[in-house]
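Here is a short report for a reader meeting this structure for the first time. It goes from the overall layout to single residues.

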Amino acid sequence: MYSVDIYNRVRRACLKDGMSTREAARYFNKDRKTIAKMLRHELPPGYRRSEAPRRPTLDDYVGVIDNILRTDKALIKKQRHTAKRIFERLRDEHGYAGSLTTVTYYVREQKRRTKEVFVPLSHRPGHAQVDFGETLGVIGGVECKIHFFVMSLPHSDAVFVKGYPAETTEAFCDGHVSAFAFFDGIPQSILYDNTKIAVARILGDRTRIRTRRFTELQSHYLFDDKFGRPARGNDKGNVEGMVGYTRRNFMVPAPRCDSFDDLNAHLEAKCLARQDDTLRGHTQTIGQRLVSDFDALMGLPVAEYEACDHVNTRATSISMVRYRSNDYSVPVAYAHHDVHVRGFVHEVIIGCGNEIVARHKRSYLSADMIFDPLHFLPLIEQKVGALDQAAPLQGWNLPDAFATLHRLLEARMGKPGKREYVQVLRLLETFEMDVVQGAIQHAIDLGAIGYDAVKHLVLCRIEKRPPRLDLDFYPYLPKANVGTTRPSSYMSLLGATA
């Protein structure tokens, strides 16, 4: 290939100075066809193939290669054929005698031709996209997987992120409620992937059957829904990109927080700070472009949606209610009763009729049993022999004064002492722990070991009056024996003084 300098000299000599083609060929020592080509092109045109390359050795096997590549599209990327593997199969299974390089060039060209091409999109104000992401973090000193909800507004590139222990229905709903509150409005439409939380079934004509909980959420806030094609993340590319961006920029290094509330406060601050950024291709900040989104958002309803899961079930004979593979206790009076469970992200609330009978911190373990010891005290008071082995009381961290009272009552009164100790524990159903603990310690200091004494001292603390214990009811109090005074005793004292 000739240089640009030769092209310049030849073209200048012929087109400007009037030199003929024959003369230029002789002067520059080039063929006349070469001179004519230089006159047709301003720059060296490079190598141009006049016809498709011929591969006589490979042509008989092109159909086999195309079939392998077509079949690979249905497999995961890590299990697809490489060019080397295709060459080996052609050689071993079909008797191919050509080279690996020829196969490699053909496979590379076919993959390039079949790669998908995408259309750049523009986004109107007031529309959103939603997705979940995953990362690792340390919450409360325990390393765990964090599932984070992401809602983006593609027009302004504003984003809201909130972390959860698991990607559940209640987390999905709570994420929407929190995002709507963060943006102070409801998008006109939201684009989703085909998550099972929202889509129960996809029919043959691509019609979606929505889940009941998602339909309730949509009915409450009245936004339109849109769904991407299955396994096509590019249909909601904005939020897909935001998932990766927020993971890299908001959660690297891995977040270490005392609770999910602390984590979410950190994430919300990051979302707000990002609104001051100006992205490539824009002259306004995210916050300035967000104004157009705000103008297009719908207003919030008066009542906030209750972001929870609802389950109707029945309490067992051991006063436990199963929800999401874990068992939560209810008061023994509600054993064998039909109950209604509301599962929130961080709390489980159990009701019977119109009454709330139990509240528990949500557990994300499997086959876990979550007890409230107070629920079982009325039963243990009747079956006091089970006191030492009652599972609900195991691991109940009570102050040391309770253990001391238990030991004294049982040592002095035997089985009735156990029952009185349970009665003392039942005071926690009504009074605060510090009040009962103080009364127990006071009773121990006085030597008034009994339920009635502790209850009396609790009431005195509540009413802020001094205690008045009748010593006849407490035989374990030390008694003072005071003898009758005699005159001779004074005389002996006087004599001792003299």
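Helices and strands are DSSP runs, numbered from the N terminus; a helix has at least four residues and a strand at least two. With that in hand, arginine 206 can be placed in the loop between β5 (199-202) and β6 (208-210). The model is predicted.

**Layout**

The protein is divided into five parts: domain 1 (4-40), domain 2 (59-114), domain 3 (127-295), domain 4 (309-370) and domain 5 (377-463). Between the centres of domain 2 and domain 4 there are 58 Å, taken over C-alpha atoms.

**Nonpolar cores**

Nonpolar side chains tend to be buried together in soluble globular proteins. Here the largest nonpolar core has 50 residues. Met151, Val161, Phe172 and Phe223 touch the most other members. Helix α7 (residues 169-183) gives the most to this core, with eight residues. A second, separate core has 30 residues, among them Ala390, Leu393, Val435 and Ala443.

Which residues does valine 161 touch, not counting residues up to four places away in sequence? They are Phe148, Phe149, Val150, Thr246, Phe250, Met251, Leu267 and Cys271.

**Two helices, α13 and α14**

Start with α13 (400-413). At 1.5 Å a residue, its 14 residues should span 20 Å, and its end C-alpha atoms are 20 Å apart, which agrees. Ala401, Phe402, Leu405, His406 and Leu409 of α13 are buried. These buried residues cover an arc of only 140° around the axis, so they sit on the same side of α13. On the other side, Asp400, Arg407 and Ala411 are exposed. The buried residues of α13 pack against α14, α15 and α16. Glycine 414 follows α13 and has a positive phi, near 70°.

Now take α14 (residues 415-426). Its 12 residues should span 16 Å at 1.5 Å a residue; the end C-alpha atoms are 17 Å apart, which agrees. The buried residues of α14 are Gly417, Lys418, Tyr421, Val422, Val424 and Leu425. They cover an arc of only 155° around the axis, which puts them on the same side of α14. Their cover includes α12 (377-382), α13 (400-413), α15 (433-446) and α16 (451-463).

An α-helix has 3.6 residues a turn, so residues three or four places apart point the same way.

**Two loop residues**

Leucine 398 is in the loop between α12 and α13. Is leucine 398 buried or partly exposed? At 22% relative accessibility, leucine 398 counts as partly exposed. Leaving aside neighbours within four places in sequence, leucine 398 is in contact with Tyr421, Leu425, Leu428 and Met433. From leucine 398 to isoleucine 190 there are 208 residues in sequence and 50 Å in space, C-alpha to C-alpha.

Lysine 236 lies in the loop between β7 (224-227) and α9 (237-250). At 3% relative accessibility, lysine 236 counts as buried. Its contacts, leaving aside neighbours within four places in sequence, are Gln129, Val130, Asp131, Leu191, Tyr192 and Asp193.

**Cysteines**

A disulfide is a covalent bond between the sulfur atoms of two cysteines. How many disulfides does a search of the whole structure find? It finds zero. Cysteine 144 is in no disulfide, and the nearest cysteine sulfur, that of cysteine 257, is 9.9 Å away. The sulfur of cysteine 352 is 17 Å from the closest cysteine sulfur, in cysteine 308, so the gap is too far for a bond. Cysteine 144 is partly exposed, with a relative accessible area of 22%. Cysteine 352 is buried, with a relative accessible area of 16%.

**Backbone details**

Most residues other than glycine have a negative phi, and most peptide bonds are trans. The table lists two residues other than glycine with a positive phi.

| Residue | Phi | Relative accessibility |
|---|---|---|
| Arginine 206 | near 70° | 55%, exposed |
| Serine 325 | near 70° | 38%, partly exposed |

Serine 325 is in the loop between β10 (320-323) and β11 (326-329).

The peptide bond from valine 252 to proline 253 is cis, with omega near 0°. Proline 253 lies in the loop between α9 and β8 (256-257).

Key:
Residues numbered from 1 in each chain as written. Predicted model: local features only at pLDDT ≥ 70, side-chain atom pairs only at ≥ 80, totals over all residues. Heavy atoms only, no water. Domains from an automatic or database assignment. Expected span 1.5 Å × (residues − 1). Buried < 20%, exposed > 50% of the residue type's maximum accessible area, 1.4 Å probe, protein only. Arc of directions from axis to C-beta. Contact = heavy atoms within 4.5 Å. Core = buried A, V, L, I, M, F, W, Y, C linked by side-chain atoms within 4.5 Å. Disulfide = S-S within 2.5 Å.
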